[in-house]
Amino acid sequence: GRPQVTSVGGLGGLESSLRLDESLQHFWFPVEFSASLKPDTLIPIELFNVPWVLFRDKDGRASCVADECAHRACPLSLGKVVDGEVECAYHGWTFDRQGACNRMPSTPFCKGVGVRALKCEEVDGFVWVWPGEGEPQVEVPKHMHPPPGYKIHADLVLEVPVEHGLLVENMLDMAHTPFTHSPAAKAIPDIVRFKTNGPLGGNWDPYPIDMSFEAPCITLSNIGLAKPGQVERQPRAGDECPKHLWQMHVCLPAKEGHTRLLYRIAFDFTPWLSAIPVIGSLWTQKANQVRSCPG
Ligand code: FES
Ligand SMILES: [Fe+2]
């Protein structure tokens, strides 16, 4: 049969989006749900092959510095938050929101030492960072909420062992669904809107799926449902689906061959418990499909 694709990138393979034009870094990236970042939590993340750590400063502001101590390169995420600064677990040096080292208990203090810090903001319940060089030229996108009347059912963060570009393309390539997946799932979107900026339009027609993509990593989709858990199979013209499932996928280019996925699901009805997909296994399955077949 067909040889298995075991890796992406590298010689003769798919070019990693992490090695493409660095203008891909000139965007705000929503890297974590605000609610997960408590006053004393350190959250390690990877973005464009670089390890970072998220924490809150003394005033509660979300902050992001390199996850590598300026002293002996110990990951700062192994330390703890002390008075709004990250304290390294190895020799206790501390770093503030700007990445400046303010305490060196292991040695006489030496001025001007620090680690790189990213511009970091908190908008709409997400922690956003700007990994690019220089000042951000655009504002943080502000449309990460489901439409009014929807209730958020789950927020999940998953590490998916699939290249960012490949995963985004697969997500937008809905035409593969009836061929690769269950033949019962005949829902191919009539419209996929591509956006680089600006708020999401208010027109969610036509059913059953409307998708919107905001480069380089955010996909929003709204799926009309006839019954909880079942995609509408009736003719679509004039079809008014009574219930909807709204999803947000944020595919963050973490490192080569790996995507950090932020997933949010919301409903405009109360779903039956049994109708809710087991998201974790769904994604493991998806990752394997993307890696081992055309879609
Ligand atoms: S490695 Fe961080 S304080 Fe020494
Ligand atoms: Fe698929």
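## Cores, aromatic pairs and backbone details

The largest nonpolar core of this chain has 51 residues, and those with the most contacts inside it are Val31, Leu54, Leu76 and Met248. Strand β10, residues 126-130, gives this core its largest share, namely five residues. The core also draws at least three residues from each of two domains, domain 1 (21-130) and domain 2 (151-292). A second, separate core has 18 residues, and Ala154, Leu167, Cys251 and Phe269 are included in it. In soluble globular proteins, nonpolar side chains tend to be buried together. The model under discussion is a predicted one, and what follows should be read with that in mind.

The chain as a whole gives the setting for these cores. Its secondary structure comes to three helices and 17 strands, and of its 295 residues 47% count as buried. Among the contacts between residues at least 6 apart in sequence, 54% join residues that are at least 24 apart. The chain exposes about 14700 Å², of which carbon and sulfur atoms supply 55%.

Methionine 248, already named among the residues with the most contacts inside the largest core, is a useful place from which to look outward. When its neighbours within four places in sequence are left aside, methionine 248 is in contact with Phe33, Phe126, Met144, Ile218, Thr219, Leu220, Leu262, Tyr263 and Arg264. One of these partners, threonine 219, is found in strand β14, which spans residues 218-227. Is threonine 219 buried or exposed? Its relative accessible area is 2%, and because buried means under 20%, threonine 219 counts as buried. Leaving aside the residues within four places of it in sequence, threonine 219 is in contact with Met171, Leu172, Met211, Ser212, Phe213, Gln247, Met248 and His249.

Two other partners of methionine 248, Phe33 and Phe126, lead to the aromatic side chains. A pair of aromatic rings is described by the distance of the centres and the angle of the planes. A search of the whole structure finds four aromatic pairs. In one of them, the rings of phenylalanine 29 and phenylalanine 48 have their centres 5.5 Å apart and their planes at 80 degrees, so this pair is edge-to-face. The pair links distant parts of the chain, since phenylalanine 29 belongs to strand β1 (residues 29-33) while phenylalanine 48 lies in the loop between β2 (43-47) and β3 (50-56), 19 residues apart. Both rings belong to buried residues: phenylalanine 29 has a relative accessible area of 0%, and phenylalanine 48 has one of 9%.

The rings of phenylalanine 33 and phenylalanine 126 have their centres 5.2 Å apart, with planes at 40 degrees, so the pair is tilted. This pair also links distant parts of the chain, with phenylalanine 33 in strand β1 and phenylalanine 126 in strand β10, 93 residues apart. Phenylalanine 33 counts as buried at 4% relative accessibility, as does phenylalanine 126 at 0%. Together with Trp128, Phe33 and Phe126 form one aromatic cluster.

The cysteines call for a separate remark. A disulfide is a covalent bond between the sulfur atoms of two cysteines. How many disulfides does the structure hold? The structure holds zero disulfides. Cysteine 69 is nevertheless buried, with a relative accessible area of 6%, and cysteine 88 is buried as well, with a relative accessible area of 4%.

A few details of the backbone complete the picture, and they fall in loops between strands. Where is the cis peptide bond that involves proline 216? The bond in question runs from alanine 215 to proline 216, with omega near 0 degrees, and proline 216 itself lies in the loop between β13 (209-214) and β14. Phenylalanine 48, found in the loop between β2 and β3, has a phi near 50 degrees, which is a positive value in a residue other than glycine. Aspartate 124 likewise has a positive phi, near 60 degrees, and is a residue other than glycine; its place is the loop between β9 (117-123) and β10. Whereas phenylalanine 48 is buried, at a relative accessible area of 9%, aspartate 124 is partly exposed, with a relative accessible area of 27%.

Definitions and conventions: Residues numbered from 1 in each chain as written. Chains lettered and ligands numbered in written order. Predicted model: local features only at pLDDT ≥ 70, side-chain atom pairs only at ≥ 80, totals over all residues. Heavy atoms only, no water. Helix = DSSP H or I, 4+ residues; strand = E, 2+ residues; numbered from the N terminus. Buried < 20%, exposed > 50% of the residue type's maximum accessible area, 1.4 Å probe, protein only. Contact = heavy atoms within 4.5 Å. Areas by Shrake-Rupley, 256 points an atom, 1.4 Å probe, with all protein chains shown as cover. Core = buried A, V, L, I, M, F, W, Y, C linked by side-chain atoms within 4.5 Å. Domains from an automatic or database assignment. Disulfide = S-S within 2.5 Å. Phe/Tyr/Trp six-rings, centres within 6.5 Å; stacked < 30°, edge-to-face > 60°.
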